[in-house]
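User: I am new to this structure and would like to be led through it step by step. Could you take my questions in turn and show the reasoning behind each reply?

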2 protein chains.
Amino acid sequence: MSERLEAPRYATMRDVAALAGVGVKTVSRVLNDEPNVSDQLKERVNRAAAALNYELNVYAGGLRRSGARTNAIGLMLESVDNPFSAAIHRGVETVMRRHSIVVLAESFDEDPGRERTVVKDFLQRRVDGLILTTVSRDQAYLSAEAARGTSIVFVDRPAVSVAFDSVVSCNFDGALIATRHVLQHGHRRLAFIGGNQQVWTLRERRRGYLEELDRWNIECPPAHDVTGLLGEEEARLAAHAMLDAPEPPTAIFPTQNRLVVGVVRALHERGVQHRVAMVGFDDVELFDLLDPGVTVVAQNPHRLGELAAERLLARMAREPLELETLRVPTRLVKRGSGEIPGPHAADAVNIPRPMGKAGRPRNLSG
Amino acid sequence: MSERLEAPRYATMRDVAALAGVGVKTVSRVLNDEPNVSDQLKERVNRAAAALNYELNVYAGGLRRSGARTNAIGLMLESVDNPFSAAIHRGVETVMRRHSIVVLAESFDEDPGRERTVVKDFLQRRVDGLILTTVSRDQAYLSAEAARGTSIVFVDRPAVSVAFDSVVSCNFDGALIATRHVLQHGHRRLAFIGGNQQVWTLRERRRGYLEELDRWNIECPPAHDVTGLLGEEEARLAAHAMLDAPEPPTAIFPTQNRLVVGVVRALHERGVQHRVAMVGFDDVELFDLLDPGVTVVAQNPHRLGELAAERLLARMAREPLELETLRVPTRLVKRGSGEIPGPHAADAVNIPRPMGKAGRPRNLSG
DNA sequence: GGGTTCGCTGACACCGTTGCCAGACGCGGC
DNA sequence: GCCGCGTCTGGCAACGGTGTCAGCGAACCC
């Protein structure tokens with residue numbers, strides 16, 4: 001018995017060929033279902049392969065042809081255990097599985113440095129394509145990949161300054177509708193709670209929020225416009241702080257799943273969940289069972305993943321497509337927390353719209 | 001402009017060597033930080049590599065030495081977007097990242113056929129090790145891998161009939177304590193709600209449940225012992241059916257995250273969440289904010305993943321370890337739903353324990 | 001001053017597989 | 001009987017790297 005074991009020792013085609021008494025190439029033919037092998041040899045080869053427990057080595061085979069595929073793609077996500085990311089992951093996996101392509105998923109934890117590392121990792125493994133969520137302000141570091149012909153699709157957040165397809169949610173529309181929704185319910189002192197300002201989705205959501213406020217000629221004081229929060233706990237504390245201050249908001253708009261949960265917690269801790277309105281961006285399981293139910297702008301991350309995967313496959317197949325940003329609609333899900341009436345509930349919908357290009361507020365939420 | 005583009009064309013070491021005017025081996029040395037290269041050549045090579053945007057090909061390099069590592073492991077999970085699986089995934093990733101090992105994660109969706117496919121896929125990619133959650137009754141199909149020296153660790157559910165390490169939760173203990181908990185609160189008509197009976201975790205939880213009932217000399221009628229449920233919706237309907245029947249249970253024990261959510265929904269839909277007690281197996285975000293809070297036996301899936309990863313690394317390093325099943329404790333988290341008093345609440349804790357090996361019920365829940 | 005060591009460099013074989021090609025064989029047509 | 005063709009088979013080179021080793025100066029030690 002050897003003291004220091006070796007790494008797993010796989011049989012090679014040479015071993016199988018020797019055992020079957022045939023040439024290596026014949027083994028290759030049999031195991032790859034190529035034509036022109038007699039049934040007799042086929043049988044011998046299969047028996048030998050089974051006896052040696054042979055498994056094909058996909059990478060060695062892929063080496064031969066320079067344009068060969070590894071049948072793997074890289075997927076970079078914020079974190080594999082964030083439910084939003086996980087749903088994207090599953091959407092991608094579902095599509096890729098149909099094409100026998102495996103998904104290499106890695107978390108980058110909103111760290112631009114890690115983002116580079118992960119991409120490099122993928123490239124060194126010669127993945128056939130990349131689906132990326134990015135936190136970098138600029139993806140110029142990928143332009144060399146573009147030149148090389150690597151297929152890349154961005155998901156959730158679009159590419160900046162490089163020519164790649166993107167698949168994103170309608171963040172602006174969703175935020176605008178959410179904002180209008182609480183305004184129509186009579187709120188005028190709203191608060192915005194958001195994450196990292198570098199992130200495109202946050203900026204879009206904030207833009208939608210501010211644009212609608214602007215239409216109503218309402219300002220959002222700095223104290224009620226908080227961004228840069230890193231997670232549930234920071235959002236919870238920020239909500240508490242706002243509600244402790246004089247002139248607290250009557251409606252809160254937290255704009256990311258973790259932050260919504262944090263704000264919900266704060267409201268419940270203070271027991272004001274029935275008094276202070278809230279619309280969250282991102283749906284979370286069980287939001288419907290809370291009291292009040294949590295009104296949200298729901299995204300469809302699974303669909304984001306599917307679309308990104310399909311787009312990537314099309315790119316990998318070199319289909320002649322225009323560069324495009326695909327948008328997945330968001331939808332307002334009313335459950336109670338966003339329908340709590342505000343101080344101006346009575347006259348809310350009758351207020352003239354000073355900036356209104358479309359006259360009075362229209363119902364976009366369907 | 002060519003009409004049909006080719007696959008991404010990576011520069012090779014030969015290209016870099018030619019541009020730098022050095023031998024291929026020298027390029028290899030520079031890019032792998034091997035000693036004995038003059039600063040001058042190092043500089044030239046690095047410049048050439050950058051100019052050509054060269055990326056190492058880890059698989060080609062790994063081919064040379066037969067015992068070479070791919071620095072990748074395979075992780076098979078029920079589904080990457082089940083929060084329980086995702087937490088395991090994250091635990092594994094966290095540990096593996098420290099060793100620059102990438103994680104190939106795939107979902108098997110509780111399908112034994114798919115399980116084989118996924119494992120084969122991993123093997124053909126020559127992963128350095130496997131972390132598997134399994135649904136097969138028997139993992140004999142892996143004994144050849146054991147012989148080959150492939151490192152494998154099972155997570156969440158132990159290996160059957162093959163000699164591999166496992167990392168699991170204390171399912172039996174958790175279920176027993178949960179059952180005792182509701183019995184001590186005066187319930188005598190309990191209901192068990194579970195998933196696939198093939199799955200070890202279910203059987204363990206059911207065993208703990210039945211053992212404690214047995215100690216109290218209580219039977220669980222077939223109508224209240226429902227297994228084989230496939231998801232949230234089936235659990236919801238099962239709970240409704242039970243509560244519609246004569247002699248409904250006064251306490252319910254759903255034994256898996258999806259099923260717990262289904263039962264919670266049913267209770268809320270009927271408005272009986274304050275009358276019918278419930279203890280769930282698996283914690284789910286926001287359970288603490290529901291009314292009543294949902295009492296659960298919480299697992300620690302992130303820890304399961306970390307431990308499995310560490311164990312796998314030790315195996316891959318050929319450390320001389322005994323074959324072992326590592327157990328991660330579960331803990332009872334009391335939030336209200338499990339403390340709803342039952343019909344026998346007054347005398348509950350004073351009931352003699354007919355089968356009690358340890359006399360009267362002891363508080364194991366800490 | 002000659003032998004030895006050391007630092008540096010590239011040629012070459014080889015890792016496990018597949019593309020390409022040549023050769024052997026059987027068979028039908030003339 | 002010879003030729004051409006299709007079927008079946010294996011040898012060989014090549015994929016993109018790395019291990020091994022030999023060669024070449026320069027420095028070092030008696």
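The questions and answers below go through the domains, the two DNA strands and a few helices and strands.

User: What kind of model is this, and how many Å separate the centres of domain 1 and domain 3 of chain A?

Analyst: This is a predicted model. The domain assignment of chain A gives domain 1 as residues 13-56, domain 2 as 72-169 + 302-328, and domain 3 as 171-300 + 330-350. Taken over C-alpha atoms, the centres of domain 1 and domain 3 of chain A are separated by 64 Å.

User: Which element gives the most to the surface near DNA strand C?

Analyst: The protein surrounds DNA strand C with 25 residues, and the closest of them are A:M13, A:S28, A:Y54, B:T26 and B:R29. By class, this surface has 9 nonpolar, 9 polar and 7 charged residues. The largest share of the surface, 4 residues, comes from α4(A).

User: Which residue has a polar side-chain atom 2.8 Å from a base oxygen of DNA strand C?

Analyst: Two of the polar contacts with this strand involve phosphate oxygens: a polar backbone atom of A:M13 lies 2.6 Å from one, and a polar side-chain atom of A:Y54 lies 2.2 Å from one. Of the atoms of DNA strand C within 4 Å of the protein, 68% belong to sugar or phosphate, while the rest belong to bases. The base oxygen is 2.8 Å from a polar side-chain atom of A:R64.

User: Which helix gives the most residues to the surface near DNA strand D?

Analyst: Around DNA strand D there are 27 residues, of which A:T26, A:R29, A:S38, B:S28 and B:Y54 come nearest. At least two residues of this surface are supplied by each of α2 and α4 of chain A, and by each of α1, α2 and α4 of chain B. With 4 residues, the helix that gives the most is α4(B).

User: Which residue has a polar backbone atom 3.0 Å from a base nitrogen of DNA strand D?

Analyst: Phosphate oxygens of this strand take part in two polar contacts described here, with a backbone N or O atom of A:G23 at 3.2 Å and with an N or O atom in the side chain of B:Y54 at 2.7 Å. Sugar or phosphate accounts for 65% of the atoms of DNA strand D within 4 Å of the protein. The base nitrogen lies 3.0 Å from a polar backbone atom of B:A60.

User: Which elements do the buried residues of α2(A) pack against?

Analyst: The buried residues of this helix are A:T26, A:V27, A:S28 and A:V30. Just after α2(A), A:D33 takes a positive phi of about 55°. The buried residues of α2(A) pack against two elements of chain A, α1 and α3.

User: How far apart are the end C-alpha atoms of helix α5 of chain B?

Analyst: Helix α5(B) is mostly covered, with 12 of its 15 residues buried, and B:N82 caps its N-terminal end through a side-chain oxygen that lies 2.8 Å from the backbone nitrogen of B:F84. Because a helix of 15 residues should span 21 Å at 1.5 Å a residue, the separation of the ends of α5(B) agrees with expectation: its end C-alpha atoms are apart by 20 Å.

User: Is A:T295 buried or exposed?

Analyst: A:T295 lies in strand β10 of chain A. Leaving aside neighbours within four places in sequence, the residues in contact with A:T295 include A:H181, A:M278, A:L332 and A:E339. Because its relative accessibility is 0%, A:T295 counts as buried.

Methods:
Residues are numbered from 1 along each chain as its sequence is written. Chains are lettered from A and ligands numbered from 1 in the order in which they are written. This is a predicted model: local features need pLDDT of at least 70, side-chain atom pairs count only at pLDDT 80 or more; totals for chains, interfaces and linings use all residues. Side-chain values use heavy atoms; hydrogens and water are left out. Buried means under 20% relative accessible area, exposed over 50%, partly exposed in between (1.4 Å probe, protein chains only). Contact means heavy atoms within 4.5 Å. Domain bounds come from an automatic or database domain assignment. The expected span of a helix is 1.5 Å times one less than its number of residues. A polar contact is a pair of N or O atoms within 3.5 Å; within protein, one must be able to donate a hydrogen and the other to accept it, and residues adjacent in sequence count only if both atoms are side-chain atoms. A residue is near a molecule or strand if one of its heavy atoms lies within 4 Å of it. Ala, Val, Leu, Ile, Met, Phe, Trp, Tyr, Cys and Pro count as nonpolar, Asp, Glu, Lys and Arg as charged, and the others, Gly among them, as polar.
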